[in-house]
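Here is a brief report on one chain. It starts with the overall fold and then turns to the aromatic rings.

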Amino acid sequence: MRLRIWVSSFFLAFSWLISPAIAGVPVNIPEKWASNTTPSSPASTAKPITVTKAEFGVLRQEKSGKVTLIPTKKIPLQEGVKYGWRLHLKDYKGEVAWREVLQLPEPPETWGTTNTENFSLSADGTAAQTKRKDSAKDGVIKNSWTIAPGDPLGKHTIEVYIGDRNVATFEFEVVPPKREKPATNT
């Protein structure tokens with residue numbers, strides 16, 4: 001699997017996926033994780049983060065460079081297919097520290113990432129934890145993965161945390177790609 005972080009400047013097309021996610025729950029984050037607090041402010045004054053919309057699906061990049069999230073719970077096992085999530089945060093701008101846990105049904109042949117400092121694997125190789133700090137200037141945080149050779153079929157789960165609170169859970173399945181039907185002569 002190759003980890004890819006979406007660039008905030010990409011404008012993602014609309015999607016009204018209502019996923020099996022925990023959303024709308026205020027989360028008090030530690031002051032060291034929020035850019036809108038200062039070291040001298042008490043943790044109790046940290047601005048609560050509320051997730052207003054949680055989306056998951058396949059990502060398609062158009063020729064114009066625009067990235068579209070297509071809602072689905074079925075990801076084709078086809079090298080290069082990108083999938084991921086995005087969370088819309090209510091009235092929040094600034095830096096957000098988040099953590100993601102991707103659970104696979106079995107270990108892939110390889111795990112690939114561009115940032116090994118904030119990436120760790122479970123002892124059995126079936127789960128990866130990613131930690132990031134992203135600017136939520138548009139009130140959105142997001143992450144994506146790319147299907148690579150040796151990735152397993154089956155049920156996968158992504159859990160997203162802000163602080164110690166699970167703010168979204170996405171359950172999906174990696175399935176064999178659809179085969180083209182041969183043309184029939186009639």
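## Strands and aromatic pairs

From the N terminus on, the elements run β-β-β-β-β-β-β-β-β-β-β. That makes eleven strands and zero helices. The model is predicted.

The chain has 186 residues, and 45% of them count as buried. Among contacts between residues at least 6 apart in sequence, 71% join residues at least 24 apart. The chain exposes about 10400 Å². Carbon and sulfur atoms supply 53% of that area.

Now the rings. The whole structure holds eight aromatic pairs. A pair of aromatic rings is described by the distance of the centres and the angle of the planes. Two of the eight pairs are set out here.

| Pair | Centre distance | Plane angle | Type |
|---|---|---|---|
| F56 and F170 | 5.7 Å | 25 degrees | stacked |
| W111 and W145 | 5.9 Å | 70 degrees | edge-to-face |

Take the stacked pair. F56 sits in strand β2 (residues 51-61) and F170 in strand β11 (residues 165-175). They are 114 residues apart, so this pair, with planes at 25 degrees, links distant parts of the chain. Both F56 and F170 are buried. F56 and F170 also belong to one aromatic cluster with Y83 and F172.

The edge-to-face pair links distant parts of the chain too. W111 lies in the loop between β6 (95-103) and β7 (119-121), and W145 in strand β9 (residues 140-146). These two are 34 residues apart. W111 counts as buried because its relative accessibility is 17%, under the 20% cut-off. W145 is buried as well, with a relative accessible area of 0%.

One charge contact remains. R99 lies over the face of Y161, at 4.1 Å from the ring centre.

How values were computed:
Residues numbered from 1 in each chain as written. Predicted model: local features only at pLDDT ≥ 70, side-chain atom pairs only at ≥ 80, totals over all residues. Heavy atoms only, no water. Helix = DSSP H or I, 4+ residues; strand = E, 2+ residues; numbered from the N terminus. Buried < 20%, exposed > 50% of the residue type's maximum accessible area, 1.4 Å probe, protein only. Contact = heavy atoms within 4.5 Å. Areas by Shrake-Rupley, 256 points an atom, 1.4 Å probe, with all protein chains shown as cover. Phe/Tyr/Trp six-rings, centres within 6.5 Å; stacked < 30°, edge-to-face > 60°. Lys NZ or Arg CZ within 6 Å of the ring centre and 35° of its normal.
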